[in-house]
Structures are given as C-alpha cells and as structure tokens.
Amino acid sequence: MNALPAHVLYELRPKIVERRARLEAAARRMSADYVNDLLAEIDAALGRIDGGTYGRCESCHDPIEGDRLDRNPLERFCLDHLSEKELRAHEQDLELAMQIQAGLLPARDVATRDWETHYRYQPAGVVGGDYCEIAVSSDGNSLFFAVGDVAGKGVAASLLMTHLNAVFRSLLSLDLPLTEVMSRANRLFCESTPATHYATLAAGRTTEGGVELCNAGHCRPLALRRGGAEWIDATGLPLGLFCNGLYSIRQIRLEPGESLVLYSDGITEGHDGNGNAYEEERLIHALGGGAGEGAAGMADGVLEDVTRFRGGGAQQDDITLLVLRRRG
Ligand SMILES: [Zn+2]
C-alpha cells in the first residue's frame, strides 16, 4: 500500500507530472542520456503511485520522511538508507541551513541608554523554527524585539523562520508604527507561504515609560513588576492565517528595574520524565521576580531550571527566551 494517504498523493502526483512536462520542454537542449535517466526516474515514481508502493523506502519498506518527499517527490529511500554520497549531501545541506540560521540571530546583549536585553536560543535539532529579533531603531532611542514560533519542524520550519526574519528586517527599515509592521508582516507572510504555514509571534517596541506589545497568538509574555507578575494575553491571531489580520497593541508600563519576558512554548510545554509540563507558574518562579538581577542572570537562570526539570530527557522542541529589562 502507498505510504501516504490518498489526499497527499493527490497533491504530489501533479508535482511529479509537472516535472515531466518541464523536462520534455527542456530536453532538446540537454544530453539524451541525462534526459532519459530523469524520465525513467519520473515514470518509475508515477508507477509506484499506481502500483501502491509510493513513499516507501526501497531498502527497508518503511515510510520515507514526509518533508523529504515534499521537497523531492522522486525520493526512493528513507534517511537511514541513503547512499554515502547522498547522506553526505544531506548533512552538508543541514550544516549550511544551520550556518544561515546562526547568521540571522540578533547580536548578544543589545542595549540602549534605558534598556538592556539578553536572549537564549536553543534549537531541538540542528536547525530550528523559532524566531528571535532584537534591533535598535535608526535614531538609536528605542528597541524592537520579537520572539516567534513557526509551525512545523526541521529544515522546512527553519526556512520559514528565515523568511519571517527577512520580512521583519525589511519592514523595520521603514520606521512604521508597530500595528502597521504587524499587519504588513502578516500580509506578506500570508501571500508568500502555503495556506498551511503560519507563525505565532510576540513583538514590541520600547517607549518612554515601558513597552508597546503585540501578541499574535503566541505564548503569553510576562511583565515582571515590583507589585507582581502580569501575563499579556494574545492581541491578534498568528501571522499567515488570514491575509486581513488585525493587530492591536497593548501599552505596558515598566519602571526602572522591571522587565518583560518573551519565550517560546519549548519552555512552558517542555516535559519531565513523568510527562509533566514545565508551565507558566514555574517560569515565574525561575525568574525569581527579576529582583536585583540583570537580564542575563534572569535568562540563564530559566535555562538552567528548564534543563534541571527535564532531567536526563531529550529536548523536544526549540527553546527561545528573551529578557528585556529597563535599566535603573
Ligand atoms: Zn529505509
């Protein structure tokens, strides 16, 4: 039986047929042997669909990884059964993706006269789907900051994350109001990605007396004040779901010494060996109320506590944490 459900095959089959048409159109300019080999590969894939063996590894008959088939519908082997050469190529792709992604992370400890920041970024695999940005405005007076989480995993998610990064970097150069940045980012993301792709995101800017914040369906940012902690609920839907999304802004007062904490669900939904989730309350506890500690101390404290909580277990999801603290 085909390894993929009928509706997925229904989407993949036209992709394979389209490859065939493109190959035929270009065939006159290419060597006949090369064209014939590719044609045979395409027809074999179509044959596997019709014969009911499509999507299964030719070596072990286990299903081939779905994201790999999506990128290459002609794939015949699972990751465990690639040839040496193919495996090396796959590893080089991952290595390159990791370097591209590392190059997109914000600088360490970005600060202005009134604000200091610190972030920790820990993908679960070689590459991650979390987005993190901290950027000083062109006049040097305010900071833009964001933490996001792209739906999905692996290389596909990391590509979407780089896309989100590019969208925001180009919008930030325009010095637009935050609501405008968010609705434009949503529209661009919506129009340039498949309908199944979206990202949750919390983004904001520092102001005179605190921050303005937009929470597009992301896990609730935490304002740590002397009087206690406050969770900031969503103010809009995730980016990429509806092209005409509306994004409202919350103004949040932060006095000197008070902080705002953004994070991804890899922290709050991380599990210990018994299946218990880390959850929001433990996060507040690990932050210790933020009293007397700098942004770096707070962020490092949480990451240590998350690792302790997980015990020896593997990290299941990407982890990002960003602490923004008003100096004073
Ligand atoms: Zn296999």
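These questions and answers concern a predicted model.

Reader: How many Å separate the centres of domain 1 and domain 2?
Author: The chain is divided into domain 1, residues 6–85, and domain 2, residues 101–326. Taken over C-alpha atoms, the distance between the two centres is 39 Å.

Reader: What span should the 20 residues of helix α2 have, and how far apart are its end C-alpha atoms?
Author: Helix α2 covers residues 32–51. At 1.5 Å a residue, counted over one less than the number of residues, the expected span is 28 Å. The end C-alpha atoms agree with this, being apart by 28 Å.

Reader: Is alanine 40 buried or exposed?
Author: Alanine 40 belongs to helix α2, a helix that is hardly covered, with a buried count of 1 among its 20 residues. A residue counts as exposed if 12 or fewer other C-beta atoms lie within 10 Å of its own. Alanine 40 has 10 such atoms, so it is exposed.

Reader: Which strands are the edge strands of the open sheet?
Author: The sheet has 5 strands in the order β1-β10-β9-β6-β7, with antiparallel pairing. An edge strand pairs on one side only, which leaves β1 (115–122) and β7 (228–231).

Reader: Which residue in β7 is the bridge partner of alanine 223?
Author: Strand β6, residues 222–225, runs antiparallel to β7 and is joined to it by 4 bridges. Alanine 223 has as its bridge partner in β7 glutamate 230.

Reader: Which strands does helix α9 touch?
Author: Helix α9, residues 295–310, packs on the sheet, and its direction makes about 150 degrees with that of β10. The strands touched are β1, β9 and β10.

Note on methods. Residues are numbered from 1 along each chain as its sequence is written. This is a predicted model: local features need pLDDT of at least 70, side-chain atom pairs count only at pLDDT 80 or more; totals for chains, interfaces and linings use all residues. Domain bounds come from an automatic or database domain assignment. Helices (H or I, at least four residues) and strands (E, at least two) are DSSP runs, numbered from the N terminus. Two strands pair if DSSP finds at least two bridges between them. Two residues are in contact if their C-beta atoms, placed from the backbone, lie within 7 Å. Axes are lines fitted to C-alpha atoms, for helices over the stretch in contact, and angles run from 0 to 180 degrees between N-to-C directions.
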